[in-house]
Amino acid sequence: MRVAVGLLVLVGLGLAAAVLVMAPGLETPAVQAQVSSDAVADGRLLYIQNCSSCHGAMGEGSSVAPSLANSGPAGLDFYMRTGRMPLARLGTTGVGQTPVLSPEEIAAIIEYASAFSQGPAIPTVSTSTDLSHGWNLYVNNCAACHGVAGGGGSVGAGIAAPPLTGRDPQTIAEAMIVGPGPMPEFAFSQDDQDAIVAYVESLNTPAAPGAFPLSDGPVVEGAVAAVLGVAALVAISRWVARRDKLPEPSEEQDPHGESLNG
């Protein structure tokens, strides 16, 4: 009898363990470890295919690419998500474009590279309504290169700061932390970072008091003004020429219809 009861208890425990393993959302630590291991394995393969030939097998860098030791998740995410990395061809400069890797692939590479790339985490941007504070920080830290209206500009030595309009909040925040290219790294507090991001986003819909905005720049507005101006000048010229061609009266008459020419 005792043996039968013991067998029933063991069977019950086995069934309970099976339910815990197979039930969704109730993975055991062993299953979670396996998922994490798979993500690292996928990231390792993607890293070898897209990054290691330049940055080294463990992110140590090489003669053609810098070390990734201090990039961290924020740096890795910024360069891959903005399409600056991986490079299309060795020797070219990374520029913002459609990303080559998917969000899942980028996340897998970051998961794998976290073993040898220590640095700032991917920032979390919160909504801020303090545009006045954001404007003050932007003018004192960003406007000299990116322009007062965020349209970009020349920095010098053949370097140009890109426009900031149309950028998503995470990209703006990561750029401040990472400092891509000649841009310095900024250690803003969370509140300051959120205020700057909010102000830069407000530049996407600039106010136009007393005017009708035709485009995002002066080219279209200048062309429209030139066309309207030329059309007005042509109309005035034709009106003046028409007046000059009007026939002169043969003789002058007084109001009573009598000739005044004798």
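**Exercise 1. Classify Gln193 as buried or exposed, then place it among its contacts.**

Step 1. Gln193 has a relative accessibility of 7%. The cut-off for buried is under 20%, so Gln193 counts as buried. The model is predicted.

Step 2. Find its element. Gln193 sits in helix 9, which covers residues 190-202.

Step 3. List its partners, leaving aside neighbours within four places in sequence. Gln193 is in contact with Pro123, Thr124, Val125, Ala173, Met176, Ile177 and Phe188.

**Exercise 2. Describe the surroundings of Glu174.**

Step 1. Glu174 belongs to helix 8, residues 169-178.

Step 2. Its relative accessible area is 0%, so Glu174 is buried.

Step 3. Look for polar partners. The side chains of Glu174 and Arg81 make a polar contact of 2.9 Å. The Glu174 side chain also reaches the backbone nitrogen of Phe78, at 3.5 Å.

Step 4. Complete the list. Beyond residues up to four places away in sequence, Glu174 touches Ala74, Asp77, Phe78, Arg81, Ile122, Pro123 and Gly179.

**Exercise 3. Work out how helix 4 is covered and what it packs against.**

Step 1. Count the buried residues. Seven of the 10 residues in helix 4 are buried, so the helix is mostly covered.

Step 2. Name them. They are Gly72, Ala74, Gly75, Leu76, Asp77, Phe78 and Met80.

Step 3. Identify the packing partners. These buried residues pack against helix 5 (103-113) and helix 8.

Step 4. Check what follows. Gly83 comes after helix 4 and has a positive phi, near 80°.

**Exercise 4. Characterise Trp239 and the patch it belongs to.**

Step 1. Trp239 lies in helix 10, residues 218-244.

Step 2. The cut-off for exposed is over 50%. Trp239 has a relative accessible area of 52%, so it is exposed.

Step 3. Add the other patch members. Trp239 forms a nonpolar surface patch with Ile236 and Val240. Together the three have about 310 Å² of accessible area.

**Exercise 5. Decide where the model is most and least confident.**

Step 1. Start with the whole protein. The average pLDDT is 80, and 72% of the residues score at least 70.

Step 2. Compare elements. Confidence is highest in helix 4 (residues 72-81), at a mean of 96. Confidence is lowest in helix 1 (residues 2-22), at a mean of 46.

Step 3. Inspect the weak stretches. Over residues 7-11 the pLDDT stays under 50, and the model has zero contacts there beyond four places in sequence. Residues 15-35 are also below 50; this stretch has three contacts beyond near neighbours in sequence.

Definitions and conventions. Residues numbered from 1 in each chain as written. Heavy atoms only, no water. Helix = DSSP H or I, 4+ residues; strand = E, 2+ residues; numbered from the N terminus. Buried < 20%, exposed > 50% of the residue type's maximum accessible area, 1.4 Å probe, protein only. Polar contact = N/O pair within 3.5 Å; in protein donor to acceptor, adjacent residues only side chain to side chain. Contact = heavy atoms within 4.5 Å. Patch = residues over 30% accessible without salt bridge, like charges linked within 9 Å, V, L, I, M, F, W, Y side chains within 5 Å. Areas by Shrake-Rupley, 256 points an atom, 1.4 Å probe, with all protein chains shown as cover. Salt bridge = Lys/Arg side-chain N within 4 Å of Asp/Glu carboxyl O. pLDDT = per-residue confidence, 0-100.
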